[in-house]
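Biologist: Could you take me through the place where the ligand sits, slowly and in plain words? I'm new to this, so please explain the terms as you go.

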Amino acid sequence: MKPPPFEYVAAADLDEALAALADTSLETRPLAGGQSLVPMLNFRLAVPERLVDLNRVEELARVEEKGDGGLRLGAMTRQRQLEHDPLIARRVPLLAEAAPFIAHPQIRSRGTVGGSVAHADPAAELPAVLLTLGARVHIARRSRDGESGARMERTLDLGDFFLGPFFSALEPDELLTAIDVPAAAVGEGSAFDEVARRRGDYALVGVAARLRLGSGGICREAAISLVNGGSTPSLMVEAAEALVGAEPTPDAIAGAAAVCAETAEPAADMHGSEAYRRHLIRVLTGRVVSRAAERAPA
Ligand code: FAD
């Protein structure tokens with residue numbers, strides 16, 4: 001099928017994009033890499049009256065180093081940059097490790113970090129990985145007083161951003177502008193893995209984990225998140241808590257993996273039953289947490 005007619009605005013800068021979104025006379029959607037939105041248009045799952053193309057907005061495509069060693073990823077950072085940029089690999093190795101699991105190279109060349117987060121797909125890799133990293137999102141809009149046109153900004157923990165399947169805290173006139181990702185801390189190790197029917201397919205299940213070990217190899221902090229482990233991207237809090245305060249021994253990791261499988265809410269579909277997905281979650285969590293612990297410097 002072909003998409004229904006829509007008005008097209010190629011925004012030259014952020015103010016122009018926010019102005020188009022602020023004009024609510026037409027239902028408007030941002031167009032980033034188009035790798036989810038264009039298929040949705042073609043299948044008429046989305047029928048916006050206007051698209052605001054963000055591809056010329058240079059200020060949304062920057063990757064900046066922050067004073068605390070973390071990175072600010074502009075919303076239009078392409079997914080392929082996560083796998084090829086040495087700065088990202090050095091500061092946030094979990095992003096570089098997980099990126100090649102997203103679809104295929106052609107899709108990662110167009111698809112953006114902001115588009116993947118805004119799309120809020122529980123089967124996508126980046127929401128899970130960024131949750132595990134403790135990322136924060138920057139959101140902008142125009143003031144709603146109709147006159148000043150001032151830019152309003154807010155930031156949210158990513159954990160407060162995802163509200164449901166394909167549903168986030170973004171209002172229709174808001175744009176996700178950037179994502180702050182903390183740098184890996186001293187004593188921290190992380191890992192990602194997933195199982196898909198074929199390389200490039202959406203994962204049946206994926207797991208991202210991050211551990212910070214303190215003196216004596218005791219786990220001081222842990223975060224685990226699942227790809228396709230429930231209807232909303234979210235942290236597996238009980239499983240992570242099972243690791244904190246003890247050494248990540250094989251028994252402790254197996255215990256946390258069992259908790260993760262029990263508390264997950266995977267849905268059955270034609271590719272796998274719920275029981276099979278819980279099995280995958282247990283096995284993958286054990287594998288990924290072990291790898292994260294091995295990578296955490298003593
Ligand atoms: P778009 O498609 O342009 O937009 C997606 C949605 O987000 C739209 O509603 C749009 O309005 C909104 N949006 C975009 N940017 C912003 C912003 N800055 N602020 C507010 N709203 C915004 N993804 C995976 O994670 N894993 C996979 O295995 C995978 N496999 C795929 C296989 C195929 C064949 C295809 C076509 C896609 C696949 N994808 C997969 C999706 C891909 O990663 C998309 O790139 C991603 O979901 C959306 O990013 P985008 O930049 O293309 O956004």
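Modeller: Let's start with leucine 37: one of its backbone N or O atoms lies 2.7 Å from an oxygen atom of the ligand. That is a polar contact, meaning a pair of N or O atoms within 3.5 Å (within protein, one must be able to donate a hydrogen and the other to accept it, and residues adjacent in sequence count only if both atoms are side-chain atoms). Glycine 34 also joins in, with a polar backbone atom 2.8 Å from a ligand oxygen, and for a backbone N or O atom of alanine 103 the distance to a ligand oxygen is 3.2 Å. On its own the ligand has 970 Å² of accessible area, and the protein covers 89% of that; such areas come from the Shrake-Rupley method with a 1.4 Å probe, and for residues only the protein chains shown count as cover.

Before going on, a word about the model: it is predicted, so to speak of local features we need pLDDT of at least 70, side-chain atom pairs count only at pLDDT 80 or more, and totals for chains, interfaces and linings use all residues. Residues are numbered from 1 along each chain as its sequence is written, and side-chain values use heavy atoms, with hydrogens and water left out.

Now the shell. There are 29 residues around the ligand, and Pro30, Ser36, Leu37, Thr112 and Glu125 come nearest; a residue is near if one of its heavy atoms lies within 4 Å of the molecule or strand in question. By type, the shell has 15 nonpolar, 11 polar and 3 charged residues. Here Ala, Val, Leu, Ile, Met, Phe, Trp, Tyr, Cys and Pro count as nonpolar, Asp, Glu, Lys and Arg as charged, and the others, Gly among them, as polar.

Helix H7 gives the largest share of the shell, 4 residues. Helices (H or I, at least four residues) and strands (E, at least two) are DSSP runs, numbered from the N terminus.

Follow the chain on from H7 and you meet alanine 120, in the loop between H7 and H8. Its phi is near 55 degrees, a positive value in a residue other than glycine. Alanine 120 counts as buried because its relative accessibility is 0%, buried being under 20% relative accessible area, exposed over 50%, and partly exposed in between (1.4 Å probe, protein chains only).

Then comes H8, residues 125–132: 8 of its 8 residues are buried, so the helix is largely enclosed by the rest of the structure. Among those buried residues is Glu125, which we met above as one of the residues nearest the ligand. Just after H8, glycine 134 takes a positive phi of about 75 degrees.
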